[in-house]
Structures are given as structure tokens and as C-alpha cells.
Amino acid sequence: MLFRSMNYQRFRTFLGSSEGAPPWKAVASGYSLRRDFEDDLLQRVQTILEEMSQPAPIVVAGQTATGKTIALCALALEIARSGRAAVLHRSRRGDRPTLGDIDAFASWVDEHHAIPTLLVWDGMTDADEYYTLQPQLRSLGRRVLIVGSSYLPPRPAANIVRVECSLSQSEIS
């Protein structure tokens, strides 16, 4: 009974939490609603991580409060648990990731584990920032895939995972 009431309280806290640090425990506990776009996002990331030829960033784009941050946390956890890549997560709060920091991390990962790096950057910034950083990392010989977040771009672009503001019928069920 105690576990049940603690679980209920944690779920209520997750629902009522304001923006801030990523809700890692809540996502890992399965409290979040899995949106349909997350399956497409995971599939794209897994495919690119297997090939890792010359990846282009993937941008998760949508309005505020559509589930982008939670989905990026879930993606980071799932990929890290799978061992397919080392995951570096950066939330909106705080400093932007620097090329030097990403390079140092990706270099260490490649040298010690021989796996690619997944940079999950919940930057809510213009997609061009992700597309500018990717070739810089590639020119340093780093195997890094960037998955970022943004509002909807003014024009259609490649590698955009669009997040709808309304729930699909399967999500409602």
C-alpha cells in the first residue's frame, strides 16, 4: 500500500511540475504519455546510429507544451539503455553546448567504447544552429548525431519530426 501511495504522489508531482530540470525519474518510471511521433523519432535515430555515414541533425518541431521535452528525455534514456550510443543531453536551461565540450566527450567515447555519440539538445532554437554544428563535429572526425528541438519552421525542411498539438485517436485511447 505504501508503494502505491508513493507512486501516486510521484505521478501527481510529475503532472504538476513546472518547466525546469528534465523529469528523468518520471520518464524512466513510465509516467509520461508516449506520443505517436516518438516511434518515428526512435526509428530514425536508430537507423542513423547504425549507418553513421554523414548524418544530418534531426529536429523535433512543434508548439509549446506538445511533448517535445518529455520525448527527448525518453529518447535519451532509451538509447543510453540500449548501449547503441553514448548520450549527451542538454536541456534548454543553462548554457549552450560548446563545440569543444562535445568534441572532448565524443572523442573519449570513440576512444574507449567505439560507439557513436547522440547529442540530445533541447535547445528550442532555430534548426540552423543544429545544422551548423553537425559539419563542425564531422570535420573533427566525430561520430555525433544531433537531435534538437525547435518551434515549427516557416518552411518544410529535411529531417523534421513534426509534433502535432492535438492528440491522435490512438493517443487518446
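1. Let's start with the empty space inside. In this predicted model, the structure holds one cavity of 30 Å³ or more. About 50 Å³ of space lies in the largest cavity. How do we find such a gap? Rolling a probe the size of a water molecule over the atoms shows where empty space is left.

2. Who sits around that cavity? Its lining is made of Arg34, Glu38, Leu41, Leu42, Ala71, Ala74, Leu75 and Glu78. Sort these by class and you get five nonpolar residues, three charged ones and no polar ones. Have a look at Arg34, Glu38 and Glu78 in the viewer, since they are part of this lining.

3. Which helices supply the cavity's lining? Both α3 (37–51) and α4 (68–82) give at least two residues each. The largest share, four residues, comes from α4.

4. Now zoom out to the whole chain. You should be able to pick out seven helices and five strands. Following the sequence, they come in the order α-α-α-β-α-β-α-β-α-β-β-α. The chain has 173 residues, and 39% of them count as buried. Take the contacts between residues at least 6 apart in sequence: 78% of these join residues at least 24 apart.

5. Helix α6 deserves a closer look. It covers residues 127–139, which makes 13 residues. From first C-alpha to last, α6 reaches 19 Å, close to the 18 Å expected at 1.5 Å a residue. After the helix comes glycine 141, with a positive phi near 85°.

6. Which residues of α6 are buried? They are Ala127, Tyr130, Leu133, Gln134 and Leu137. These five are on the same side of α6, because they cover an arc of only 120° around the axis. Try looking down the helix to see this for yourself.

7. What do the buried residues of α6 pack against? Their partners are three strands and a helix: β1 (58–62), β3 (117–121) and β4 (144–150), plus α5 (99–113).

8. Helix α6 also turns up at a pocket. The second largest pocket has a volume of about 190 Å³. It is lined by 13 residues, and those closest to its centre are Ala127, Asp128, Pro153, Arg155 and Ala157. Ala127 appears here again, having already been listed among the buried residues of α6.

9. Finally, what is that pocket's lining made of? By class, it has eight nonpolar, two polar and three charged residues. The largest share comes from α6, which gives three residues.

Terms used
Residues are numbered from 1 along each chain as its sequence is written. This is a predicted model: local features need pLDDT of at least 70, side-chain atom pairs count only at pLDDT 80 or more; totals for chains, interfaces and linings use all residues. Side-chain values use heavy atoms; hydrogens and water are left out. The expected span of a helix is 1.5 Å times one less than its number of residues. Buried means under 20% relative accessible area, exposed over 50%, partly exposed in between (1.4 Å probe, protein chains only). The arc is that of the directions from the helix axis to the C-beta atoms. Contact means heavy atoms within 4.5 Å. On a 1 Å grid over the protein atoms alone, a cavity is a set of points where a 1.4 Å probe fits but cannot get out, and a pocket is an open set with protein on both sides within 12 Å along at least five of seven lines; lining residues have an atom within 4 Å of a point. Grid points are joined across faces, edges and corners, and a volume is the space filled by probe spheres set on the points. Ala, Val, Leu, Ile, Met, Phe, Trp, Tyr, Cys and Pro count as nonpolar, Asp, Glu, Lys and Arg as charged, and the others, Gly among them, as polar.
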